[in-house]
Amino acid sequence: MFDHISMQLLLGQLLIGLINGSFYAMLSLGLAIIFGLIHVVNFAHGAQYMLGAFVALLLLNHLGIPYWGALFIAPVVVGAFGLLMEQTILKPLRHLDHLYSLLATFAAVLIIEGLMRLEFGSTGLPYASPLPGGVNLGFMFLPYYRGWVVVFSLAVCIATWLLIEKTKLGAYLRAANERPEIVESFGINVPRMMSLTYAFGVGLAGLGGVLAAPIYQVSPSMGSNLMIVIFAVVVIGGMGSILGAILTGYLIGIVEGLTKVFYPEASNLAIFVIMIVALILRPNGLFSSPESSR
Amino acid sequence: MTEPLLTVQNLEAWYGESKALHGMDFTVQPGELVTLIGRNGAGKSTTLRSIMGIVGKRTGSIRFDGQELIGKRTYQIARTGIAYCPEERAIFASLNVAENLTLPPVLKAGGIADSELLRQFPNLQRRLKSQGTKLSGGEQQMLAIARILRTGARFLLLDEPSEGLAPVVVKEIGEQIKRLKAQGFTILLVEQNLSFARKVADRHVVVENGKVVDTLTNSALEADMARVKTYLGV
């Protein structure tokens, strides 16, 4: 059945899966942090990712700031935008059911994407690769930039995981996730911590957007196309599970790549089949534990 | 007479639409150990939560060390030098014992050092790497009390520390509380267990339907147990 499959094709798709998985992991990581620590289902994550790509593009076109500068500036700009969103839209909804913040962020997506479409149109805009060229691996030609994406996103994911699991700040965040009022009774400004957590998660989305700009066309709908997969990743990993989001992100990217080799027609479906099976077998997600949301 | 450390006047508090406190009035002197006693649902725990600002809405006045606490956020209240140990202990499942113990930051000078805490609560020393919620009820209670002592707060709000614990553990908790009082902490303790309360307290404030209905010194309580038992419905 699979005798038409060459090792070259298999390894090539595995690598492409790993590259896509890098984006899935980084975006679902931000989404999982926001949901896991402040219980907001951030539907605007894809739009914020798109904003990151546009900020990079505008920095380059209007201020001449190259990719390497945008890598630091764009997440800060998008994170600040997230903070503004949190203060104006989400903060007043903090004490209501999660559904309200979900709907509010969904409305934000429609507004942000609509405004961006008005300003920039629907056509994708190119962003030149900061690392032209590549290396022949034997089984495929790997552009340097795509290799950089894999390495950099893995480093960001590991650093974020360490921040949340191994530092005092992470301990505050995890404890506040369980009992915010008790953490606040220790003298910690929990409302401010929650706002900054949202901004950090949004900043990660913005960072993902900068990474994506040289690979995908920069367009107002680039986030929406990705969001369904990202939500599936977070659900499979376990809503709010940081490690689950990272590992599932890479796993789904690789499974998607392999499906393209073995049965290309199902490559878009594979993720959702995995989601259904995972939900049946482990309704709280593959990496959730009853005691914690880690 | 010295100025009270805490003065609660006409304190009213709500959970949503439901009014839980109907004008509480009482004081606590520096270094004193005062218990709030009363039936279930009388408003004792709500009083502690109101002092800490963990209720929906509160009116009246709570003056602590010269500062008005009504209008302050919970974290600001903690920074005035008050620490709160809730009834359900609130040990964090996602943190181990060491992380739970060192979670509260040092807010003021005069907090107990971690090494000293482990000396005072030796059971915790052996379980530092265990998940917080894997401890026994007594150990969790010790941890819940120990961790608030590092902040530098000198006024402790303890909500039913003896609840659900074996008599031998209750005795140990009682000894710890007496030791804290001897170290100069001022303590406001919610307690249903009258025999526990009378062993540790200087004064008892009786709460009924969200109001203070009586205040007794420990010796008055001993002399008039019949009256106290009518308050508690036992």
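Two strands count as paired if DSSP finds at least two bridges between them. Keep that in mind for the exercises below, and remember that this is a predicted model.

**Exercise 1.** Work out which residue in β8(B) is the bridge partner of L158(B), and how many bridges join β7(B) to β8(B).

*Solution.* Start with the strands: β7(B) and β8(B) run parallel, joined by five bridges. Now pick out L158(B): its partner in β8(B) is L189(B). Then look at β6(B), which also pairs with β7(B) in the parallel sense, over four bridges. There, A83(B) has L156(B) of β7(B) as its bridge partner.

**Exercise 2.** Place these strands in their sheet and find which strands stand at the edges.

*Solution.* First get the order: the open sheet has six strands, β6-β7-β8-β3-β9-β10 of chain B, and its pairing is mixed. Next, check the ends: β6 (82–85) and β10 (211–217) of chain B each have a single partner strand, so one side of each lacks a neighbour in the sheet. Neighbouring strands are turned by 20° against each other on average, direction ignored. Finally, try one more pair: β3 (33–37) and β9 (203–208) of chain B are parallel over four bridges, with I37(B) bridged to V206(B).

**Exercise 3.** Are the residues of β7(B) buried or exposed, and which way do they point?

*Solution.* Count first: five of the five residues are buried. Then sort by direction: F155(B), L157(B) and D159(B) point one way, L156(B) and L158(B) the other. For context, in a regular strand side chains alternate between the two faces of the sheet. Add the helix: α1 (44–52) of chain B lies across β3, β6, β7, β8 and β9 of that chain, at about 145° to β7(B).

**Exercise 4.** Find where helix α3 (67–90) of chain A bends and what its buried residues pack against.

*Solution.* Walk along the helix to I73(A), where α3(A) bends by about 30°. A proline, P75(A), follows within four residues. P75(A) is among the buried residues of α3(A), as are A74(A), F81(A) and E86(A). The buried set packs against α2 (45–63), α4 (98–120) and α8 (190–212) of chain A.

**Exercise 5.** Which elements give two or more residues to the side of chain A that touches chain B?

*Solution.* Begin with the contacts: 18 residues of chain A meet 21 residues of chain B. The elements you're after are α6 (168–178) and α7 (180–185) of chain A. Sorted by class, this side of chain A has six nonpolar, five polar and seven charged residues.

Terms used. Residues are numbered from 1 along each chain as its sequence is written. Chains are lettered from A and ligands numbered from 1 in the order in which they are written. This is a predicted model: local features need pLDDT of at least 70, side-chain atom pairs count only at pLDDT 80 or more; totals for chains, interfaces and linings use all residues. Two residues are in contact if their C-beta atoms, placed from the backbone, lie within 7 Å. Ala, Val, Leu, Ile, Met, Phe, Trp, Tyr, Cys and Pro count as nonpolar, Asp, Glu, Lys and Arg as charged, and the others, Gly among them, as polar. Axes are lines fitted to C-alpha atoms, for helices over the stretch in contact, and angles run from 0 to 180 degrees between N-to-C directions. The bend at a residue is the angle between axes fitted to the seven residues ending there and the seven starting there. A residue is buried if 20 or more other C-beta atoms lie within 10 Å of its own, exposed if 12 or fewer, and partly exposed in between; C-beta atoms are placed from the backbone.
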